[in-house]
Amino acid sequence: MRSRQIAERLGVEEAHMLEFQQFNIIWDKKMNEFEMHAEELVEAMKERHAAELRDYQRKLMGKQIRPKFSKDLLNLRKNQETLAKQKNYAEALKIKPKSDALEAWELEKWHGERQQDLLQKESKFKFVKQQVLVALQKRIQSGQHQLTNLTNSPI
C-alpha cells in the first residue's frame, strides 16, 4: 500500500511538473508575442511620426509668405519711383543704393526670423510626438508588469 501511495504521489508530481513545464512554455510564447507586438507598435508609431513630420515640414515650407517691408523702405522706393517718373534720374539713382541696402538687410532679417520660427515649430512638433511615443512605451511597460504579476500571483 505504501509503495502504491509513493508511486501515485510520484505520478501526480510528475504530471504537475509536466503541466508546469507546458504552462511555462505557453507563457514564454505569450510574453514573446507580447514583446514582438509592442516592438511593432513602437516601430509603426515611429514611422508614422516620421511621415507626419515630413508632411508638416512640407506644409510649413509650402506657406510662402511675403516679407513685410518697413515704412522707411517703402517710402524710399516710392520716392525713387516718383523721381524716376519726373525724369529726375540722378536723384533717383542716389536713393537706389540706400533703398537696396535697406531691402537686403530687411530680407536677411526676415529670412532669419522665418528660419527660427520654422525651427521652433518643428521642435514643438517633434516634442509632442516624442511625448506620444513615451506614453505608448509606458502603456506597454504597464502591460508587461500586469502580465508578470499574473504569473507571480498565487493560484
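In the predicted model, K87 is placed in the loop between helix 2 and helix 3. The backbone of K87 has a positive phi of about 65°, although K87 is not a glycine. With a relative accessible area of 62%, K87 is exposed, since the cut-off for that class is over 50%.

The helices on either side of this loop are helix 2, covering residues 71-85, and helix 3, covering residues 89-152; their axes come within 9 Å and cross at roughly 155°. Helix 2 is therefore roughly antiparallel to helix 3, as the crossing angle lies over the 145 degrees that this description requires. The handedness of the crossing in which helix 2 passes helix 3 is left-handed. On the side of helix 2, the contact is formed by D72, L73, L76, R77, N79, Q80, L83 and A84, and on the side of helix 3 by Y89, E91, A92, I95, K96, K98, S99, D100, L102, E103 and E106. When the residues of this contact between helix 2 and helix 3 are divided by class, 8 are nonpolar, 3 are polar and 8 are charged.

One of the helix 3 residues in this contact is A92, whose position within helix 3 is accompanied by a relative accessibility of 8%; A92 accordingly counts as buried, because buried residues are those under 20%. Residues up to four places away in sequence being set aside, A92 touches Q80, L83 and A84, and these three residues are listed among those that helix 2 contributes to its contact with helix 3. In relation to L41, by contrast, A92 is 51 residues away in sequence and 66 Å away in space, C-alpha to C-alpha.

Helix 3 also packs with helix 1, which spans residues 2-62; the angle between the two is about 170° and their axes are 11 Å apart. Helix 1 and helix 3 are therefore roughly antiparallel to each other. By class, the residues in the contact of helix 1 with helix 3 comprise 19 nonpolar, 7 polar and 8 charged.

A specific side-chain interaction is found at E122, a residue of helix 3. The side chains of E122 and Q57 are joined by a polar contact of 3.0 Å. With neighbours within four places in sequence left aside, E122 is in contact with L53 and Y56 as well as with Q57.

Further positions in helix 1 and helix 3 may be described by their accessibility and by separations across the chain. E35, which is located in helix 1, has a relative accessible area of 34% and is thus partly exposed, a class that lies between the limits of 20% and 50%. Along the chain, E35 and I95 are 60 residues apart, and their C-alpha atoms are separated by 71 Å; I95 is itself among the helix 3 residues that make the contact with helix 2. W105 lies in helix 3 and, at 51% relative accessibility, counts as exposed. The C-alpha atoms of W105 and L41 are 49 Å apart in space, while the two residues are 64 residues apart in sequence.

How values were computed
Residues are numbered from 1 along each chain as its sequence is written. This is a predicted model: local features need pLDDT of at least 70, side-chain atom pairs count only at pLDDT 80 or more; totals for chains, interfaces and linings use all residues. Side-chain values use heavy atoms; hydrogens and water are left out. Axes are lines fitted to C-alpha atoms, for helices over the stretch in contact, and angles run from 0 to 180 degrees between N-to-C directions. Helices (H or I, at least four residues) and strands (E, at least two) are DSSP runs, numbered from the N terminus. Angles under 35 degrees count as roughly parallel, over 145 as roughly antiparallel, 65 to 115 as roughly perpendicular and the rest as oblique. A crossing is left-handed if the near helix is turned anticlockwise from the far one by less than a right angle, and right-handed if clockwise. Contact means heavy atoms within 4.5 Å. Ala, Val, Leu, Ile, Met, Phe, Trp, Tyr, Cys and Pro count as nonpolar, Asp, Glu, Lys and Arg as charged, and the others, Gly among them, as polar. A polar contact is a pair of N or O atoms within 3.5 Å; within protein, one must be able to donate a hydrogen and the other to accept it, and residues adjacent in sequence count only if both atoms are side-chain atoms. Buried means under 20% relative accessible area, exposed over 50%, partly exposed in between (1.4 Å probe, protein chains only).
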